[in-house]
2 protein chains.
Amino acid sequence: MNRQGGAAPLYIRISPQDNVAIVVNDGGLPAGAVFADGLALVEGVPQGHKVALADLEEGAPILRYGTVIGYARQAIPRGGWVSEARLRMPEAPLLDGLPMATRQAPPAEPLQGYTFMGYRNPDGSVGTRNILAISTTVQCVAGVVEHAVARIRQELLPLYPHVDDVVALEHAYGCGVAIDAPGAQVPIRTLRNISRNPNFGGAVLLVSLGCEKLQPARLFPDEAAALESGGQGARGLVRLQDDEHVGFQSMVDSIMESARVRLAQLDQRRRESCPASELVVGVQCGGSDAFSGITANPAVGYASDLLVRAGATVMFSEITEVRDGIAQLTARAATPEVAQALVREMDSYDQYLKRGGADRSANTSPGNKKGGLSNIVEKAMGSIVKSGSSPIVDVLAPGEKLRRKGLVYAATPASDFICGTLQLAAGMNMHVFTTGRGTPYGLAAVPVVKVATRDDLARRWHDLMDINAGGIASGRASIEDVGWELFRYILEVASGRKKTWAEQWKLHNSLALFNPAPVT
Amino acid sequence: MNRQGGAAPLYIRISPQDNVAIVVNDGGLPAGAVFADGLALVEGVPQGHKVALADLEEGAPILRYGTVIGYARQAIPRGGWVSEARLRMPEAPLLDGLPMATRQAPPAEPLQGYTFMGYRNPDGSVGTRNILAISTTVQCVAGVVEHAVARIRQELLPLYPHVDDVVALEHAYGCGVAIDAPGAQVPIRTLRNISRNPNFGGAVLLVSLGCEKLQPARLFPDEAAALESGGQGARGLVRLQDDEHVGFQSMVDSIMESARVRLAQLDQRRRESCPASELVVGVQCGGSDAFSGITANPAVGYASDLLVRAGATVMFSEITEVRDGIAQLTARAATPEVAQALVREMDSYDQYLKRGGADRSANTSPGNKKGGLSNIVEKAMGSIVKSGSSPIVDVLAPGEKLRRKGLVYAATPASDFICGTLQLAAGMNMHVFTTGRGTPYGLAAVPVVKVATRDDLARRWHDLMDINAGGIASGRASIEDVGWELFRYILEVASGRKKTWAEQWKLHNSLALFNPAPVT
Ligand SMILES: [Ca+2]
Ligand SMILES: [Ca+2]
Ligand SMILES: [Ca+2]
Ligand SMILES: [Ca+2]
Ligand SMILES: [Ca+2]
């Protein structure tokens, strides 16, 4: 990375071959500003936006991250603003003829001796929090469950001090949906696997209405009999339409009674020392700006590599944000089979978007563009960097559960809430979220570490952003510095020694299911 | 309707030409049971299920509501159980060659002198509750808004005794969606029109993040300038990413400050006497059984006719539940244009389901089938009856706002939550919901009157069901009796003199948007 200037006009160029760079200064720079290397702006350029480092002819390729992010719609002089309107987006890369598992990196040096204090589960997974989850088959039960949760929080939780929280897994699925349509397996397995998130201690408490399409036995085919009979002396399933329920309070009481048994079990658990390899970290970005791809995301990528070297699992996602960098990912696949699975997920999403009359260009938001991200190609390059440089060892279809440790591509839409929900289903126990424009995003089930891309955001949102990667732009900190800071912070939060800001304020967003099938 | 028997074996036949009837007795009836007319069961038939009134040959049409609901897959003897497995579903009716506005009913006698106490709005609509709504552009702001709502409820609401409640209009839309795809206008106009529901008093308080795709000016193009400047001395728009927000609490404080201004305005309002013609009643069913179509839904249909005669607006919906009765609806359309609009909405939904690899058969749930509803044709006949017998004067596409009084078909999916959300957007100020299996359904914005189809449900769910239509099956009450009871109850609840059970318990389900476009 080539940094020019000090407190004075400053730009960042990522790769030596790039013919554009990003203006770093707060508030942008006016026409006439001169950088340390003599480059002078011929017009004003906003912060995070691109300046031409050379005279660009009409049709010239625009290079950032060493990649063509578009073509000049008109001639742009050296020192000119390479704005969104002046850039034509390249075609989406085809899905055949890609390099398949061609980049066989030498194995990275293992990182040993890092541990955290976690909750070991019967299935071998490790929780970072000790939470009672109440699963639901259908939206119909939400009102009753919310009553029960409020009472559990007030009346029961204080009696079980080793339990961190109670969380209702509410959602809009379960009935009024085409449950046998192609694609319906996605929301169903998502709900199934979320209930098995490591932070929920491995047993299911399920509230059903009774007449819904998503019957308990369909949601949990393996545990259906146990649920009905009530495993371990507990009633694991409460069905509101059962004859025994006379009056609203009897429904709430049934949930309370089942919750009490589960809380007593969860309360017996204690944190124990676990190797860092038990971490399952889902990474994503939201509210991105041009700094996402040069500060926060590279730092997350560095931490990803540290985690993978420590034997942990890192998931990256957001299909429309990697689609334009697919060649980079298939090359990094550990095997041709993994590369094929990447192609399969890209193709499946291409089809999904096409059925709905959209394409990958639907991804970028007004905030992205205002922040200097001209199009999805540029956004993709800055997004993929979160994954670091490890080989990709596996690919999950939306809603699937993790099978392997290491760097995994978990295919999900880029929507912050759907991505987070699907990573919960995959089994993450820590979430890392980078943002440039700022979002108060949080999840009830898993700690969310928020990383700011800019000093200004970190300053204004001082009690919402956990890590500030802004120093990377000004030269106050290196990518390595912030990467290590994040790695260590993850271990602290995972151990329960620190709480993220989202946890402190109890900020959390609702689950949002990905349902490619129709509603009815 | 032909009723046979007393406390003894009892069945209900709807139309004289029907060759099946419904077993009414609690717990069903065993083989050998004999009805008053001499019909003897040759096998057990569960409650709500169909008994053959004549010997049916293989392939014979099965008639209920005077309509073919299917064909016998095998010979069924008189007194046999016409179970789901023994019935073959007919083809969906084609959408051409339908009778268009052919049934010109004589104008019904106006019903005069009925009033309720409501809140008149500047736009001429009338609210049944006086609620502060906080609109949101995007899920990202939900955590902050929830904090603000909790504080508003605790700190501000007690100071404004004439305001009933504060409601956050949270949803999963706003970013991470293909906002320019065909179909995206549905969720956008839904959110826009919900903010204008008559129960919210006519002014918008909007919380935006800042970088989301669904910008305030796109959500409210007409009010964008006023929102930004802050109408009536109030800041109508709070944008979390604005520079003025330093720290989490400053975001909550901004929302509180805007809320205070709105609350002071709302608190000035008083109920006044309004004609019943200002009622806007949305009707739907959920958790249906075979009694829905013979007790609760006919009673709702009777009340619908009373409301329409009083000049009010009644909306019915649930596309997949009327699709098989489309000929009945096009015939009842007031004009050929209205009939055409019905066809347009059916066709559009046919296409939507087809794109997703589903069809209308995806509607029926396990609870429907257990309750005796064999298929969507049978369910449709029992569902349409909620609309009574008035001419259909208008058709709304999903998310549109009402334009006319009278009986309106508001096209929505049958999903309880999506249907309720779209009827809120259309402008309903009262909701009527019939259920046979039972659901604790409720909405935060509008009172939901729940009507039970059976005595048993009304008894067990005595503090969740507002009206019991079960007496219609046993002969204790007539359809007219329950229809009038419901009509009068609606006026009481609309006036704020009574609260529904869902209101008493503060039971409410989340908004659920219909988004036929892809997520990204
Ligand atoms: Ca992203
Ligand atoms: Ca995202
Ligand atoms: Ca959190
Ligand atoms: Ca229905
Ligand atoms: Ca419904």
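Is A:Leu205 buried or exposed? I start there, and I should say at once that what we are looking at is a predicted model, so every value I quote is computed from it. At 1% relative accessibility, A:Leu205 counts as buried, because the cut-off for that word is under 20%. The residue is found in strand β12 of chain A, which covers residues 205-208, and its C-alpha lies 6.0 Å from that of A:Leu237, although the two are 32 residues apart in sequence.

Strand β12 also leads us to helix α1 of chain A, since β12 is among the elements against which the buried residues of that helix pack, together with β10 (131-136), β11 (165-169) and α5 (248-266) of chain A. Those buried residues of α1(A) are A:Ala142, A:Gly143, A:Val144, A:Val145, A:Ala148, A:Val149, A:Ile152 and A:Leu156. As for the geometry of the helix, its 15 residues, 142-156, should span 21 Å at 1.5 Å a residue, and the end C-alpha atoms are 20 Å apart, which agrees.

Let me turn to chain B and its helix α5, residues 248-266, where 19 residues reach 27 Å from the first C-alpha to the last, close to the 27 Å expected at 1.5 Å a residue. The buried residues of α5(B) include B:Phe248, B:Met251, B:Ile255, B:Arg262 and B:Leu266, and what covers the buried set includes β10 (131-136), α1 (142-156), β12 (205-208) and β13 (237-239) of chain B.

Staying with chain B, there is an open sheet of 7 strands, with parallel pairing, in the order β17-β18-β16-β15-β19-β20-β21. Strands β17 (392-396) and β21 (467-468) stand at its edges, each with a single partner strand, so one side of each is left without a neighbour in the sheet. Further in, β16 (residues 313-316) and β18 (residues 406-410) of chain B pair in the parallel sense over 4 bridges, and in β18(B) the bridge partner of B:Met315 is B:Val408. Helix α11 of chain B, residues 416-426, packs on this sheet, touching β15 (280-285), β16, β17 and β19 (430-435), and its direction makes about 170° with that of β15(B).

Now to the cysteines: how many disulfides are there over all chains? The count comes to 0. A:Cys140 is in no disulfide, and the nearest cysteine sulfur, that of A:Cys175, is 6.1 Å away. With 5% relative accessibility A:Cys140 counts as buried, whereas A:Cys175, which is likewise in no disulfide, counts as partly exposed at 23%.

Finally, the metal site, where another cysteine of chain A appears. Which residues coordinate the calcium ion (ligand 1)? The donors come from A:Cys285, through both O and SG, from A:Glu318 through OE, and from A:Glu321, which is listed with OE twice, and the distances run from 2.4 to 2.7 Å. Along the chain these donors follow the spacing C-x32-E-x2-E. A:Cys285 also bridges to a second ion, the calcium ion (ligand 2), and the two ions lie 3.4 Å apart. Both glutamates count as buried, A:Glu318 at 1% relative accessibility and A:Glu321 at 3%.

Notes. Residues are numbered from 1 along each chain as its sequence is written. Chains are lettered from A and ligands numbered from 1 in the order in which they are written. This is a predicted model: local features need pLDDT of at least 70, side-chain atom pairs count only at pLDDT 80 or more; totals for chains, interfaces and linings use all residues. Side-chain values use heavy atoms; hydrogens and water are left out. Two strands pair if DSSP finds at least two bridges between them. Helices (H or I, at least four residues) and strands (E, at least two) are DSSP runs, numbered from the N terminus. Contact means heavy atoms within 4.5 Å. Axes are lines fitted to C-alpha atoms, for helices over the stretch in contact, and angles run from 0 to 180 degrees between N-to-C directions. Buried means under 20% relative accessible area, exposed over 50%, partly exposed in between (1.4 Å probe, protein chains only). A disulfide is a pair of cysteine sulfur atoms within 2.5 Å. Donors are N, O and S atoms within 2.8 Å of the metal (3.2 Å for Na, K and Ca); water is not among the atoms, so sites may look incomplete. The expected span of a helix is 1.5 Å times one less than its number of residues.
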